[in-house]
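Hi everyone, thanks for coming. I'd like to walk you through one structure this morning, so please have it up in front of you.

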Amino acid sequence: MNHHVLIAGAGPVGLVSALVLATAGVQVTVFERALSAPEDLRASTFHPPTLDMLARFGISDELLPQGLVARYTQQRDRQEGLVAQFDMSLLAGLTQHPYRLQCEQWKLNKLLLDRLAKIPHAKVLLGAELQSVEQNANGVDVKVDVRGDVQTFKGDYLIGADGAWSSVRQSQGIEFEGFTYPERFLVVSTAFEFADHLPKLSYVNYVSDPQEWCVLLRVPTLWRVLFPTHPEESDEAVMTDESIQARLQNLLPQDKPYQTVHRTLYKVHQRVAKQFRRGRVLLAGDAAHINNPLGGMGMNGGVHDAFSLADKLVDILVSGADEALLDRYERQRRSVAIEYINANTARNKKNMEERNPEARRKTHDELRATAANPDAARNYLRKTSMMDALERAEAIE
Ligand SMILES: Cc1cc2nc3c(=O)[nH]c(=O)nc-3n(C[C@H](O)[C@H](O)[C@H](O)COP(=O)(O)OP(=O)(O)OC[C@H]3O[C@@H](n4cnc5c(N)ncnc54)[C@H](O)[C@@H]3O)c2cc1C
(Lines give C-alpha, C1' and ligand atoms only; values in the text may rest on other atoms or scores of the structure.)
Protein backbone atom coordinates (compact mmCIF):
# COMPACT_ATOMS: atom_id res chain seq x y z
CA MET A 1 0.00 0.00 0.00
CA ASN A 2 1.73 3.19 -1.17
CA HIS A 3 -0.65 5.91 -0.10
CA HIS A 4 -1.96 6.87 3.29
CA VAL A 5 -4.66 9.42 4.14
CA LEU A 6 -5.05 10.63 7.72
CA ILE A 7 -8.50 11.67 8.91
CA ALA A 8 -9.30 13.58 12.11
CA GLY A 9 -12.79 12.81 13.43
CA ALA A 10 -15.00 9.71 13.28
CA GLY A 11 -18.30 11.53 12.69
CA PRO A 12 -20.30 10.80 9.54
CA VAL A 13 -17.96 12.94 7.40
CA GLY A 14 -14.69 11.35 8.53
CA LEU A 15 -16.10 7.84 8.31
CA VAL A 16 -17.66 8.28 4.85
CA SER A 17 -14.36 9.74 3.60
CA ALA A 18 -12.52 6.76 5.09
CA LEU A 19 -14.85 4.24 3.47
CA VAL A 20 -14.60 5.81 0.00
CA LEU A 21 -10.79 5.90 0.20
CA ALA A 22 -10.31 2.47 1.77
CA THR A 23 -12.68 0.82 -0.73
CA ALA A 24 -10.47 2.21 -3.51
CA GLY A 25 -7.43 0.61 -1.86
CA VAL A 26 -6.00 3.67 -0.12
CA GLN A 27 -4.70 3.14 3.42
CA VAL A 28 -6.60 5.30 5.92
CA THR A 29 -6.19 6.06 9.62
CA VAL A 30 -9.02 7.84 11.44
CA PHE A 31 -8.29 9.54 14.79
CA GLU A 32 -11.28 9.96 17.10
CA ARG A 33 -10.98 11.75 20.43
CA ALA A 34 -13.97 9.96 22.01
CA LEU A 35 -13.38 6.56 23.57
CA SER A 36 -16.45 5.06 21.92
CA ALA A 37 -18.83 6.01 19.11
CA PRO A 38 -21.41 8.34 20.72
CA GLU A 39 -25.12 7.52 20.35
CA ASP A 40 -26.36 11.08 20.84
CA LEU A 41 -29.36 12.51 19.01
CA ARG A 42 -28.08 14.95 16.45
CA ALA A 43 -29.10 15.03 12.79
CA SER A 44 -32.06 12.82 11.97
CA THR A 45 -32.90 13.50 8.32
CA PHE A 46 -31.29 11.87 5.29
CA HIS A 47 -32.07 13.69 2.05
CA PRO A 48 -32.56 11.77 -1.24
CA PRO A 49 -29.14 12.50 -2.81
CA THR A 50 -27.36 11.50 0.41
CA LEU A 51 -29.16 8.15 0.28
CA ASP A 52 -28.23 7.83 -3.42
CA MET A 53 -24.55 8.36 -2.53
CA LEU A 54 -24.58 5.93 0.38
CA ALA A 55 -26.32 3.35 -1.84
CA ARG A 56 -23.00 2.98 -3.68
CA PHE A 57 -21.84 0.94 -0.67
CA GLY A 58 -25.21 -0.72 0.05
CA ILE A 59 -25.49 1.41 3.19
CA SER A 60 -28.84 3.00 2.34
CA ASP A 61 -30.45 -0.44 2.21
CA GLU A 62 -29.09 -1.18 5.67
CA LEU A 63 -30.17 2.21 7.02
CA LEU A 64 -33.72 2.08 5.60
CA PRO A 65 -35.14 -0.53 8.01
CA GLN A 66 -33.64 1.43 10.92
CA GLY A 67 -35.54 4.63 10.06
CA LEU A 68 -38.90 5.95 8.88
CA VAL A 69 -39.61 6.78 5.25
CA ALA A 70 -41.07 10.30 5.14
CA ARG A 71 -42.95 10.76 1.86
CA TYR A 72 -44.34 14.13 2.92
CA THR A 73 -42.91 17.27 4.49
CA GLN A 74 -45.12 19.99 5.87
CA GLN A 75 -45.00 23.70 6.45
CA ARG A 76 -47.32 24.58 9.31
CA ASP A 77 -48.24 27.60 11.35
CA ARG A 78 -49.15 27.55 15.02
CA GLN A 79 -52.33 29.56 14.40
CA GLU A 80 -53.35 28.26 10.97
CA GLY A 81 -52.31 24.60 11.27
CA LEU A 82 -51.27 22.99 7.99
CA VAL A 83 -50.16 25.56 5.39
CA ALA A 84 -48.66 23.34 2.68
CA GLN A 85 -47.73 19.70 2.27
CA PHE A 86 -45.07 18.57 -0.20
CA ASP A 87 -45.14 15.10 -1.70
CA MET A 88 -41.57 13.91 -2.21
CA SER A 89 -42.66 11.19 -4.61
CA LEU A 90 -42.68 14.03 -7.19
CA LEU A 91 -38.91 13.45 -7.24
CA ALA A 92 -39.35 9.91 -8.63
CA GLY A 93 -37.12 9.52 -11.68
CA LEU A 94 -34.69 12.15 -10.40
CA THR A 95 -33.41 10.07 -7.47
CA GLN A 96 -33.45 6.42 -6.40
CA HIS A 97 -34.85 7.59 -3.04
CA PRO A 98 -37.78 10.00 -3.51
CA TYR A 99 -38.32 10.54 0.22
CA ARG A 100 -36.51 11.64 3.36
CA LEU A 101 -35.30 8.97 5.72
CA GLN A 102 -35.89 9.90 9.35
CA CYS A 103 -33.10 8.07 11.14
CA GLU A 104 -30.61 9.00 13.84
CA GLN A 105 -27.14 10.01 12.64
CA TRP A 106 -25.38 7.59 15.01
CA LYS A 107 -26.93 4.63 13.17
CA LEU A 108 -25.04 5.69 10.02
CA ASN A 109 -21.82 6.05 12.03
CA LYS A 110 -22.25 2.54 13.41
CA LEU A 111 -22.78 1.02 9.95
CA LEU A 112 -19.69 2.85 8.65
CA LEU A 113 -17.56 1.70 11.58
CA ASP A 114 -18.68 -1.91 11.00
CA ARG A 115 -17.71 -1.65 7.32
CA LEU A 116 -14.33 -0.13 8.06
CA ALA A 117 -13.57 -2.81 10.66
CA LYS A 118 -13.65 -5.38 7.83
CA ILE A 119 -11.02 -3.56 5.71
CA PRO A 120 -7.48 -4.44 6.83
CA HIS A 121 -5.90 -1.20 5.56
CA ALA A 122 -8.50 1.00 7.35
CA LYS A 123 -7.84 1.84 11.00
CA VAL A 124 -10.09 3.80 13.35
CA LEU A 125 -8.27 4.76 16.55
CA LEU A 126 -10.63 5.66 19.39
CA GLY A 127 -9.37 7.74 22.31
CA ALA A 128 -6.98 9.39 19.83
CA GLU A 129 -6.87 13.20 19.93
CA LEU A 130 -5.08 15.05 17.16
CA GLN A 131 -2.78 17.65 18.70
CA SER A 132 -0.68 19.23 15.97
CA VAL A 133 -0.15 19.24 12.22
CA GLU A 134 2.94 19.86 10.09
CA GLN A 135 3.10 19.62 6.33
CA ASN A 136 5.71 19.91 3.59
CA ALA A 137 5.78 19.26 -0.15
CA ASN A 138 5.79 15.49 0.35
CA GLY A 139 3.28 14.85 3.09
CA VAL A 140 1.69 15.62 6.43
CA ASP A 141 2.88 14.68 9.94
CA VAL A 142 0.42 14.75 12.82
CA LYS A 143 0.96 14.29 16.53
CA VAL A 144 -1.84 12.35 18.16
CA ASP A 145 -2.42 11.62 21.82
CA VAL A 146 -3.51 7.98 21.73
CA ARG A 147 -4.83 7.26 25.23
CA GLY A 148 -2.01 9.16 26.88
CA ASP A 149 0.74 8.10 24.46
CA VAL A 150 1.69 10.88 22.00
CA GLN A 151 2.55 9.34 18.62
CA THR A 152 3.48 10.74 15.19
CA PHE A 153 1.68 9.56 12.06
CA LYS A 154 2.68 10.34 8.48
CA GLY A 155 0.32 10.57 5.52
CA ASP A 156 -0.01 11.98 2.04
CA TYR A 157 -3.00 14.12 3.03
CA LEU A 158 -4.94 15.03 6.16
CA ILE A 159 -8.73 15.46 6.16
CA GLY A 160 -10.02 17.64 9.01
CA ALA A 161 -13.46 16.16 9.71
CA ASP A 162 -13.18 17.02 13.38
CA GLY A 163 -16.34 19.05 13.74
CA ALA A 164 -17.25 22.65 14.46
CA TRP A 165 -14.30 23.34 16.79
CA SER A 166 -11.86 21.66 14.37
CA SER A 167 -8.29 21.50 15.67
CA VAL A 168 -7.19 20.90 12.08
CA ARG A 169 -8.80 24.17 10.92
CA GLN A 170 -7.25 26.02 13.84
CA SER A 171 -3.81 24.45 13.22
CA GLN A 172 -3.86 26.01 9.75
CA GLY A 173 -5.01 29.42 11.04
CA ILE A 174 -8.05 29.29 8.76
CA GLU A 175 -10.73 31.82 9.66
CA PHE A 176 -14.27 30.55 10.32
CA GLU A 177 -16.23 33.45 8.88
CA GLY A 178 -19.83 34.16 9.84
CA PHE A 179 -21.88 34.69 12.97
CA THR A 180 -23.47 33.01 15.97
CA TYR A 181 -27.20 33.51 16.59
CA PRO A 182 -27.94 35.22 19.93
CA GLU A 183 -30.55 32.58 20.84
CA ARG A 184 -29.72 28.93 21.52
CA PHE A 185 -31.83 26.06 20.21
CA LEU A 186 -33.51 23.55 22.50
CA VAL A 187 -34.29 20.00 21.32
CA VAL A 188 -36.66 17.96 23.47
CA SER A 189 -37.47 14.32 22.70
CA THR A 190 -40.62 12.62 23.87
CA ALA A 191 -42.49 9.39 23.19
CA PHE A 192 -45.76 11.38 23.29
CA GLU A 193 -47.65 10.71 20.04
CA PHE A 194 -48.23 14.18 18.57
CA ALA A 195 -49.81 12.65 15.44
CA ASP A 196 -52.80 11.50 17.53
CA HIS A 197 -53.55 15.12 18.42
CA LEU A 198 -52.47 17.19 15.42
CA PRO A 199 -54.49 16.09 12.37
CA LYS A 200 -52.55 14.92 9.29
CA LEU A 201 -49.15 15.56 10.87
CA SER A 202 -46.28 14.22 8.72
CA TYR A 203 -42.90 12.98 9.98
CA VAL A 204 -41.22 16.32 9.09
CA ASN A 205 -43.03 19.51 10.13
CA TYR A 206 -41.73 23.09 10.13
CA VAL A 207 -44.08 25.22 12.24
CA SER A 208 -43.83 29.00 11.88
CA ASP A 209 -44.89 31.42 14.58
CA PRO A 210 -43.98 35.04 15.34
CA GLN A 211 -43.52 34.24 19.05
CA GLU A 212 -42.10 30.71 19.12
CA TRP A 213 -41.67 28.70 15.92
CA CYS A 214 -40.77 25.02 16.26
CA VAL A 215 -39.90 21.91 14.27
CA LEU A 216 -41.56 18.55 14.89
CA LEU A 217 -39.50 15.64 13.62
CA ARG A 218 -40.30 11.97 13.98
CA VAL A 219 -37.60 9.33 14.46
CA PRO A 220 -38.57 5.66 14.93
CA THR A 221 -39.25 5.74 18.67
CA LEU A 222 -39.60 9.43 19.48
CA TRP A 223 -40.76 12.86 18.42
CA ARG A 224 -38.06 15.52 18.53
CA VAL A 225 -39.26 19.08 19.07
CA LEU A 226 -36.91 21.96 18.34
CA PHE A 227 -37.59 25.38 19.87
CA PRO A 228 -35.66 28.65 19.82
CA THR A 229 -34.92 30.13 23.25
CA HIS A 230 -34.69 33.77 24.28
CA PRO A 231 -31.16 35.23 24.43
CA GLU A 232 -31.80 36.59 27.94
CA GLU A 233 -32.84 33.16 29.39
CA SER A 234 -30.00 31.40 31.20
CA ASP A 235 -29.13 27.80 30.24
CA GLU A 236 -30.27 26.64 33.68
CA ALA A 237 -33.64 28.40 33.33
CA VAL A 238 -34.27 26.91 29.87
CA MET A 239 -33.48 23.38 31.04
CA THR A 240 -35.76 23.28 34.11
CA ASP A 241 -38.73 20.89 34.02
CA GLU A 242 -41.11 23.85 34.41
CA SER A 243 -39.70 25.68 31.42
CA ILE A 244 -39.65 22.54 29.20
CA GLN A 245 -43.24 21.68 30.21
CA ALA A 246 -44.35 25.27 29.55
CA ARG A 247 -42.96 25.16 26.02
CA LEU A 248 -44.58 21.80 25.24
CA GLN A 249 -47.91 22.73 26.86
CA ASN A 250 -47.94 25.98 24.92
CA LEU A 251 -47.50 23.98 21.72
CA LEU A 252 -50.17 21.40 22.56
CA PRO A 253 -51.95 21.64 25.93
CA GLN A 254 -52.33 18.30 27.74
CA ASP A 255 -53.88 17.35 31.11
CA LYS A 256 -50.75 15.46 32.13
CA PRO A 257 -47.13 16.62 32.03
CA TYR A 258 -45.13 15.48 29.03
CA GLN A 259 -42.63 12.69 29.65
CA THR A 260 -39.34 13.71 28.04
CA VAL A 261 -36.47 11.41 27.13
CA HIS A 262 -33.68 13.80 26.08
CA ARG A 263 -33.15 17.52 26.18
CA THR A 264 -30.27 19.34 24.49
CA LEU A 265 -29.50 23.05 24.33
CA TYR A 266 -26.95 24.25 21.82
CA LYS A 267 -25.51 27.34 20.18
CA VAL A 268 -26.24 27.80 16.51
CA HIS A 269 -23.93 29.41 13.97
CA GLN A 270 -23.78 30.29 10.28
CA ARG A 271 -20.08 30.01 9.45
CA VAL A 272 -17.94 28.94 6.51
CA ALA A 273 -14.16 28.41 6.60
CA LYS A 274 -12.24 30.90 4.47
CA GLN A 275 -10.36 28.02 2.86
CA PHE A 276 -11.27 24.33 2.53
CA ARG A 277 -7.73 23.48 1.41
CA ARG A 278 -4.32 24.50 2.61
CA GLY A 279 -1.77 22.41 0.73
CA ARG A 280 -2.21 18.82 1.86
CA VAL A 281 -4.69 19.66 4.59
CA LEU A 282 -8.38 19.62 3.68
CA LEU A 283 -11.52 20.50 5.61
CA ALA A 284 -14.92 18.83 5.29
CA GLY A 285 -18.26 18.76 7.12
CA ASP A 286 -18.75 20.84 10.26
CA ALA A 287 -15.04 21.65 10.31
CA ALA A 288 -15.61 23.55 7.05
CA HIS A 289 -19.15 24.94 7.48
CA ILE A 290 -21.86 25.05 10.12
CA ASN A 291 -25.42 26.22 9.91
CA ASN A 292 -28.74 26.19 11.74
CA PRO A 293 -30.61 22.86 11.54
CA LEU A 294 -33.71 24.24 9.73
CA GLY A 295 -33.73 22.17 6.57
CA GLY A 296 -31.51 19.32 7.79
CA MET A 297 -28.54 20.41 5.69
CA GLY A 298 -25.62 20.09 8.14
CA MET A 299 -24.91 16.39 8.16
CA ASN A 300 -26.18 15.95 4.61
CA GLY A 301 -23.96 18.72 3.25
CA GLY A 302 -21.03 17.23 5.17
CA VAL A 303 -21.59 13.80 3.63
CA HIS A 304 -21.72 15.45 0.19
CA ASP A 305 -18.35 17.10 0.98
CA ALA A 306 -16.95 13.71 2.00
CA PHE A 307 -17.89 12.02 -1.27
CA SER A 308 -16.65 14.95 -3.35
CA LEU A 309 -13.31 15.13 -1.53
CA ALA A 310 -12.61 11.42 -1.13
CA ASP A 311 -13.44 10.66 -4.78
CA LYS A 312 -10.97 13.37 -5.83
CA LEU A 313 -8.26 12.01 -3.54
CA VAL A 314 -8.81 8.56 -5.08
CA ASP A 315 -8.46 10.09 -8.55
CA ILE A 316 -5.18 11.72 -7.48
CA LEU A 317 -3.65 8.86 -5.47
CA VAL A 318 -4.89 5.87 -7.46
CA SER A 319 -5.40 7.22 -10.98
CA GLY A 320 -2.65 9.88 -11.02
CA ALA A 321 -4.95 12.89 -11.56
CA ASP A 322 -3.53 16.37 -11.02
CA GLU A 323 -3.57 17.71 -7.46
CA ALA A 324 -5.33 20.83 -8.76
CA LEU A 325 -8.52 18.75 -8.40
CA LEU A 326 -8.38 19.65 -4.71
CA ASP A 327 -8.78 23.33 -5.57
CA ARG A 328 -11.89 22.35 -7.49
CA TYR A 329 -13.14 20.64 -4.30
CA GLU A 330 -12.78 23.95 -2.48
CA ARG A 331 -14.46 25.93 -5.26
CA GLN A 332 -17.36 23.50 -5.49
CA ARG A 333 -18.11 22.79 -1.87
CA ARG A 334 -17.32 26.22 -0.44
CA SER A 335 -19.63 27.84 -3.02
CA VAL A 336 -22.42 25.42 -2.11
CA ALA A 337 -21.87 26.00 1.63
CA ILE A 338 -22.28 29.76 1.14
CA GLU A 339 -24.86 29.97 -1.66
CA TYR A 340 -27.10 27.05 -0.73
CA ILE A 341 -26.58 25.58 2.71
CA ASN A 342 -26.10 28.78 4.69
CA ALA A 343 -28.39 30.88 2.53
CA ASN A 344 -31.31 28.40 2.64
CA THR A 345 -31.06 27.58 6.33
CA ALA A 346 -30.87 31.29 7.23
CA ARG A 347 -33.89 32.01 4.99
CA ASN A 348 -35.84 29.12 6.56
CA LYS A 349 -35.27 30.58 10.01
CA LYS A 350 -36.26 34.07 8.89
CA ASN A 351 -39.53 32.81 7.34
CA MET A 352 -40.44 30.71 10.38
CA GLU A 353 -39.95 33.57 12.85
CA GLU A 354 -41.35 36.36 10.64
CA ARG A 355 -43.34 38.87 12.70
CA ASN A 356 -44.73 41.08 9.96
CA PRO A 357 -48.27 39.73 9.23
CA GLU A 358 -48.11 40.86 5.60
CA ALA A 359 -44.79 39.09 4.99
CA ARG A 360 -46.06 35.92 6.74
CA ARG A 361 -49.20 35.88 4.62
CA LYS A 362 -47.12 36.31 1.46
CA THR A 363 -44.82 33.41 2.40
CA HIS A 364 -47.79 31.18 3.20
CA ASP A 365 -49.56 32.09 -0.06
CA GLU A 366 -46.41 31.29 -2.00
CA LEU A 367 -46.03 27.94 -0.21
CA ARG A 368 -49.67 27.01 -0.93
CA ALA A 369 -49.35 27.97 -4.61
CA THR A 370 -46.06 26.03 -4.91
CA ALA A 371 -47.50 22.89 -3.31
CA ALA A 372 -50.58 23.03 -5.57
CA ASN A 373 -48.53 23.05 -8.79
CA PRO A 374 -46.60 19.78 -9.39
CA ASP A 375 -43.84 21.43 -11.47
CA ALA A 376 -43.31 24.19 -8.92
CA ALA A 377 -43.48 21.66 -6.08
CA ARG A 378 -40.86 19.49 -7.78
CA ASN A 379 -38.55 22.50 -8.15
CA TYR A 380 -39.11 23.39 -4.49
CA LEU A 381 -38.28 19.82 -3.46
CA ARG A 382 -35.16 19.77 -5.64
CA LYS A 383 -33.97 22.80 -3.69
CA THR A 384 -34.96 21.62 -0.19
CA SER A 385 -33.53 18.14 -0.87
CA MET A 386 -30.15 19.67 -1.84
CA MET A 387 -30.32 18.33 -5.39
CA ASP A 388 -29.92 21.84 -6.83
CA ALA A 389 -26.87 22.39 -4.65
CA LEU A 390 -25.20 19.25 -6.02
CA GLU A 391 -26.03 20.24 -9.58
CA ARG A 392 -24.52 23.68 -8.95
CA ALA A 393 -21.35 22.08 -7.52
CA GLU A 394 -21.03 19.81 -10.56
CA ALA A 395 -21.18 22.86 -12.87
CA ILE A 396 -18.19 24.50 -11.13
CA GLU A 397 -14.87 23.75 -12.83
C1 LIG B 1 -27.22 18.98 19.20
C2 LIG B 1 -27.07 18.92 17.71
C3 LIG B 1 -28.19 18.71 16.92
C4 LIG B 1 -28.07 18.66 15.54
N5 LIG B 1 -29.17 18.45 14.79
C6 LIG B 1 -29.06 18.41 13.46
C7 LIG B 1 -30.20 18.21 12.63
O8 LIG B 1 -31.32 18.09 13.12
N9 LIG B 1 -30.02 18.15 11.27
C10 LIG B 1 -28.76 18.28 10.69
O11 LIG B 1 -28.62 18.18 9.46
N12 LIG B 1 -27.68 18.47 11.44
C13 LIG B 1 -27.80 18.55 12.80
N14 LIG B 1 -26.71 18.75 13.56
C15 LIG B 1 -25.43 18.90 12.89
C16 LIG B 1 -24.87 17.55 12.54
O17 LIG B 1 -24.88 16.71 13.66
C18 LIG B 1 -23.46 17.79 12.01
O19 LIG B 1 -23.59 18.59 10.84
C20 LIG B 1 -22.73 16.51 11.69
O21 LIG B 1 -22.51 15.76 12.85
C22 LIG B 1 -21.38 16.87 11.04
O23 LIG B 1 -20.61 15.73 10.94
P24 LIG B 1 -19.03 15.82 11.03
O25 LIG B 1 -18.56 14.42 10.81
O26 LIG B 1 -18.53 16.92 10.18
O27 LIG B 1 -18.72 16.29 12.51
P28 LIG B 1 -19.04 15.56 13.91
O29 LIG B 1 -20.22 14.65 13.78
O30 LIG B 1 -19.10 16.65 14.92
O31 LIG B 1 -17.77 14.65 14.15
C32 LIG B 1 -16.52 15.20 14.48
C33 LIG B 1 -15.78 14.19 15.31
O34 LIG B 1 -14.46 14.66 15.51
C35 LIG B 1 -14.04 14.34 16.82
N36 LIG B 1 -12.96 15.26 17.18
C37 LIG B 1 -13.03 16.58 17.45
N38 LIG B 1 -11.80 17.09 17.68
C39 LIG B 1 -10.93 16.05 17.54
C40 LIG B 1 -9.52 15.95 17.66
N41 LIG B 1 -8.74 17.00 17.95
N42 LIG B 1 -8.95 14.73 17.46
C43 LIG B 1 -9.71 13.65 17.16
N44 LIG B 1 -11.06 13.70 17.05
C45 LIG B 1 -11.66 14.90 17.23
C46 LIG B 1 -15.30 14.51 17.65
O47 LIG B 1 -15.23 13.77 18.86
C48 LIG B 1 -16.37 13.99 16.69
O49 LIG B 1 -16.65 12.61 16.89
C50 LIG B 1 -26.79 18.82 14.94
C51 LIG B 1 -25.67 19.04 15.73
C52 LIG B 1 -25.79 19.11 17.11
C53 LIG B 1 -24.58 19.37 17.93
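Let's start with a small one: where does His 121 lie? It sits in the loop between helix 4 and strand 8 (122-126). Before going on, a word on what you are looking at. This is a predicted model, in which local features need pLDDT of at least 70 and side-chain atom pairs count only at pLDDT 80 or more, while totals for chains, interfaces and linings use all residues. Residues are numbered from 1 along each chain as its sequence is written. Helices (H or I, at least four residues) and strands (E, at least two) are DSSP runs, numbered from the N terminus.

Back to His 121: it counts as partly exposed because it has 14 C-beta neighbours inside 10 Å. For burial, a residue is buried if 20 or more other C-beta atoms lie within 10 Å of its own, exposed if 12 or fewer, and partly exposed in between, with C-beta atoms placed from the backbone.

Now helix 4 itself. Its 13 residues (105-117) should span 18 Å at 1.5 Å a residue, and its end C-alpha atoms are 19 Å apart, which agrees. The expected span here is 1.5 Å times one less than the number of residues. Which residues of helix 4 are buried? They are Gln 105, Leu 108, Asn 109, Leu 111 and Leu 112. Seen down the axis of helix 4, these fall within an arc of 165 degrees, so they line one face of the helix. The arc is that of the directions from the helix axis to the C-beta atoms. Turned away from that buried side are the exposed residues Asp 114 and Ala 117. Covering the buried residues of helix 4 are, among others, helix 1 (12-23), helix 3 (59-63) and helix 8 (298-317); contact here puts two C-beta atoms, placed from the backbone, within 7 Å.

Helix 12 (residues 387-395) gives us another example. Its residues Met 387, Ala 389, Leu 390 and Ala 393 are buried. Down the axis of helix 12, its buried residues fall within an arc of 160 degrees, so they line one face of the helix. Exposed residues Glu 391 and Ala 395 are on the face turned away. The cover over the buried residues of helix 12 includes helix 2 (48-55), helix 8, helix 9 (325-353) and helix 11 (374-384).

You will have heard helix 8 come up in both covers. How many of its 20 residues are buried? The count is 16, so to speak of helix 8 as mostly covered is fair.

Helix 8 also brings us to the ligand. Four residues of the surrounding shell come from helix 8, the largest share. Of the 34 residues around the ligand, Gly 9, Gly 11, Gly 163, Gly 285 and Gly 298 come nearest, where near puts a C-beta atom, placed from the backbone, within 6 Å.

To finish, two loop residues. Most residues other than glycine have a negative phi. Arg 147, in the loop between strand 10 (140-146) and strand 11 (149-155), has a positive phi of about 50 degrees. Arg 147 counts as exposed, with 10 C-beta neighbours inside 10 Å. Lys 200 has a positive phi of about 60 degrees and is exposed too, with 12 other C-beta atoms within 10 Å.
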